[in-house]
Structure formats: C-alpha cells, structure tokens
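User: I would like a close look at one part of this structure, with the strand pairing described first and the surrounding interior afterwards.

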Amino acid sequence: MQRFSFFNQPPVLFFTFIFFAWLLAAEVKAQTQEAPAAGSAMTKGAWAMQFHINDNFTLSSFAGATLSLKRHYSVNKALRFGLTIGGNFSNDKQSSETETKSETDDNYQNLGFSAKYMIYPAPDKRAKLFFGFGPSVGFSRSKQTQRYTNSQPQFRTENKSTNWSAGLGGMLGVEWFANSQISFMAEYSSFLGYHSARTERANKQEDGSGGFIVSSESFRNVDSFSFSASGVNFGLSVYF
C-alpha cells in the first residue's frame, strides 16, 4: 500500500528554501541604518505584532495564524511570518442497560507556517500602500478510535486522516499610522495552493490473546489544486 509523501509532491519545499535564501541575502546586503518612514516606526530592525479586528472591535489572531509578526529590514521592505499551531484530545464514554457500551477517543493536531515578503512603494506617505507574496505550508492529522467494550469478542473502529497543503499567497493593502507605534491595516489576500488528503478506516476484532487483528480496512487519497481570494481583512499592528 503506497502512502502519501510530501517530498514526492511538486517541489514546494525547494522553492520555499530559495525564497528564504533570497531574503537572507537581502538582509546581509542592507548594511546601512535607515531613518524611520514619516510618522511611523518603520525602520530597519523594527518588529510589529499583528492582530485581526473583528466586527465587534475585539482582537483575534491575524490572517488565521496563532502568532503573526512582521520585521522590517529596511524602510520599505519587511517580512511577515505567521505560525499556526493547535490540537485537542477528547474521551467520550457512553453506556446504557439496553445498548452496547462504547468509548471514543478523538485526537487532532495541526501546524502551519507562512511568510510574506512585503514592499511599501511610498513609505513616506501617511497612508502607506503595500503589497506582498510568499509561501505557506500546513499539516494536520486526526485519529478517532471507537471501542465497544461489552461485546464478545470485543471490536473497535479506527478512523485516521492526514492533510498537507502548500502554496503561494499574495496580498494588497494600505497601512495607516495612528501614531508612530500603532497602525491600522486593510488588505485583500489570495492563495493558490496544492492540497493532499488521506483517510483510512479499519475495523479490528479481538484475537483472544489481548491483541486485535484487522477484519476490514479501506483508504482514500484526494489531491487537488485550488485558488481562493478573501474579502477585506482589517488589522492592528503594534510596533516595538
């Protein structure tokens, strides 16, 4: 049975490596310290943490990332990167006098990373136009195990899924500084990506010695390409 391998897919990792090598070369080349852009903290070495502004004016993670940071390595060039991480575990037990007793375990983990190279064509303006592009990769997996504990012989069902995604995103927006350390953003974004998903299902039965043998199993692989575009995203940046 052939399993999905990320490294056998289109050479996304190679182009991601080239992208970051290019950024490193640009960083080394920029040797001189530049003055901040007018009315802002945008200068070489400046950092900013970014938040999404919700409809009720509360703040949440920006662009779907758990953590979103931006670093300027010149007045008009910056790198934004986002890290997404999550997971959960649950255990559900059900029983009654007339039904089979069951116990279900659910596990889920996800991890994602994105980087955007940003350019500000006119950094001296109060409202600063920017655009950018860059790669993103993501991975998630889940496993559900359902055990029927009062059946003879005992049996259980396992469902597994694994998902990979990789692609290139772009953005266009405007950043306006309320003061030198705080700015508001409005931007459009789009994403062209490759997705691969694998699902597996196995029914297992007790073998009489404390172990389980597979009585039936199935799997499904789905590979796809997609293009998506978002509406306007509003955000807040805090420079430090």
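Which residue stands opposite Thr 84 in β5?

Analyst: The model is a predicted one. In β5, the residue opposite Thr 84 is Gly 112. This pair belongs to the antiparallel arrangement of strand β4 (residues 77-94) and strand β5 (residues 102-119), which are joined by 18 bridges. Strand β5 also pairs with strand β6 (residues 127-148); these two run antiparallel and are joined by 16 bridges. Gly 112 has a bridge partner in β6 as well, namely Gly 138.

The interior can be described next. The largest nonpolar core contains eleven residues, among them Ala 78, Met 118 and Phe 130. Ala 78 lies within the range of β4 (residues 77-94), and Phe 130 within that of β6 (residues 127-148). Ala 41, Ala 46, Ala 48 and Tyr 239 are also included in this core. Beyond its neighbours within four places in sequence, Ala 46 is in contact with Ala 41 and Tyr 239, as well as with Lys 70, Arg 71, His 72 and Phe 240.

Tyr 239 falls in strand β10 (residues 233-239), the strand that holds Ser 237. Ser 237 counts as buried because its relative accessible area is 0%, under the 20% cut-off. Apart from residues up to four places away in sequence, Ser 237 touches Ala 48, Met 49, Gln 50, Glu 175, Gln 181, Ile 182, Ser 183 and Met 185. With Gln 50, the side chain of Ser 237 also forms a side-chain polar contact of 3.2 Å. Ala 48, touched by Ser 237, is itself one of the residues of the largest nonpolar core.

Technical notes:
Residues are numbered from 1 along each chain as its sequence is written. This is a predicted model: local features need pLDDT of at least 70, side-chain atom pairs count only at pLDDT 80 or more; totals for chains, interfaces and linings use all residues. Side-chain values use heavy atoms; hydrogens and water are left out. Helices (H or I, at least four residues) and strands (E, at least two) are DSSP runs, numbered from the N terminus. Buried means under 20% relative accessible area, exposed over 50%, partly exposed in between (1.4 Å probe, protein chains only). A polar contact is a pair of N or O atoms within 3.5 Å; within protein, one must be able to donate a hydrogen and the other to accept it, and residues adjacent in sequence count only if both atoms are side-chain atoms. Contact means heavy atoms within 4.5 Å. Two strands pair if DSSP finds at least two bridges between them. A nonpolar core is a set of buried Ala, Val, Leu, Ile, Met, Phe, Trp, Tyr and Cys residues joined through side-chain atoms within 4.5 Å.
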